Amino acid sequence: AKMAAAGSELLTGWCLFGLALLAILIFCWVYVRKYQSRRESEVISTITAIFALAVALISSALLPVDIFLVSYMKNQNGTFKDWADANVSRQIEDTVLYGYYTLYSIILFCVFLWIPFVYFYYEEKEEDDGNTCSQVKTALKYTLGFITICAVLLLIGAFVPLDIPNKKNSTEWEKVKLLFEEFGSSHGLTALSFSISSLTVIGMLAAITYTAYGMSALPLNLIKGTTSAAYERLENTEDIEEVEQRLLRIKSKCRDGRPLSSRDRRTVQQLEERLRTLRRRERHLETIEKSWWLKFCEAIRPLKV
């Protein structure tokens, strides 16, 4: 009966996690597809972006599931429920722990191997239209630097933060042997935790920096205000004319029948993409200029200041 109750509670928690997983995957797909370039997108890079973003968000979504399972094993007075004995609670904790470390391992794989390789592979593909083998070699060469950083982090996390007993008669070999024994007893989890913590520190510093800037920029932007839609339309029209002139200059090179170089063809594609973007922005600005929201913002301008 206790195992059945434990299984029921565990199934409830993982069902919630499954729903969150589905929502995260849908969000990541919509988010990446919305902001990626339609003409320059690649299938592998799109899959990489969706998968990496989903894994990071799933790792965050596992935390409330962990809290839910722990809280469900206890009564309101803080004591464990009848079905949540030592074996059952340990089983639930181990299941969640394995989920954490599986996701953390996938994050390290994405950050230090998959994402750098895909990035450098397509960067090399844009710069040089060579064969695939040379592109793979170049991408692996640059990715090797990220793998080295990951290896250093894992080694530091595996061997440095240990409380080694200070014995006067112990030899250096015994100290090294103790390091490997400690590493084996933890199954490398300390190394993984240290690597993830290092990435978390970098992300925390970025969040602190951008949050501080945002809190400072928000009131200043409210005071400064925004450019009027009419002025933005004028600038956008000038940009359209400039792009069209550049396209005409490049296409005039092939009037005598000569084909354009690969560099000129890439430039034409980029300019055509920019021209389509500017024309979409032109239509968007026309809609904004006629909207009631713009008139409302002009009315509350003193309140913003």
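Let's start near the end of the chain: in an unreviewed entry, UniProt lists residues 261-288 as a "coiled-coil region". UniProt positions follow the numbering used here, with feature names shortened, and such annotations may be inferred rather than shown by experiment. In the model, residues 261-288 are 96% helix and 0% strand, with the end C-alpha atoms 40 Å apart. Helices here are DSSP runs of H or I with at least four residues, strands are runs of E with at least two, and both are numbered from the N terminus.

Before going on, keep in mind that this is a predicted model, where local features need pLDDT of at least 70 and side-chain atom pairs count only at pLDDT 80 or more, while totals for chains, interfaces and linings use all residues. Residues are numbered from 1 along each chain as its sequence is written, and side-chain values use heavy atoms, leaving out hydrogens and water.

Now for the charged pairs. A search of the whole structure turns up six salt bridges, each being a side-chain nitrogen of Lys or Arg within 4 Å of a carboxyl oxygen of Asp or Glu. One of them joins E282 and R233, at 3.4 Å from N to O. This pair links distant parts of the chain, as E282 sits in helix 8 (residues 262-289) and R233 in helix 7 (residues 229-251), 49 residues apart. R233 also forms a salt bridge with E286, and here the closest N and O atoms are 3.5 Å apart. E286 is in helix 8 and R233 in helix 7, with their positions 53 residues apart. Step back a little and R233, E282, E286 and E289 turn out to be linked in a network of salt bridges.

How open are these residues? Buried means under 20% relative accessible area, exposed means over 50%, and partly exposed is in between (1.4 Å probe, protein chains only). E282 counts as buried because its relative accessibility is 14%. R233, at 25%, is partly exposed, and E286 is partly exposed at 32%.

Another salt bridge brings E244 and R279 together, at 2.9 Å from N to O. E244 lies in helix 7 and R279 in helix 8, so this pair ties together parts that are 35 residues apart in sequence. E244 is partly exposed at 31%, and R279 is partly exposed at 38%.

Next, the rest of the chain. The unreviewed UniProt entry also lists "transmembrane region" for residues 12-32, 44-65, 98-122, 142-162 and 189-213. In the model, residues 44-65 are 100% helix and 0% strand, with end C-alpha atoms 31 Å apart. Residues 189-213 are likewise 100% helix and 0% strand, and their end C-alpha atoms are 36 Å apart.

S198 is found in helix 6 (residues 189-224). S198 counts as buried because its relative accessibility is 18%. A polar atom of the S198 side chain lies 2.9 Å from the backbone oxygen of F194.

Finally, look at the largest nonpolar core, a set of buried Ala, Val, Leu, Ile, Met, Phe, Trp, Tyr and Cys residues joined through side-chain atoms within 4.5 Å. Of its 17 residues, F17, I24, I58, L62 and L69 touch the most other members. Helix 1 (2-35), helix 2 (43-72) and helix 3 (86-127) are the elements that give two or more residues to this core, and helix 2 provides the largest share, eight residues. Leaving aside neighbours within four places in sequence, I24 is in contact with A54, L57, I58 and A61, where contact means heavy atoms within 4.5 Å.

Definitions and conventions
Polar contact = N/O pair within 3.5 Å; in protein donor to acceptor, adjacent residues only side chain to side chain.
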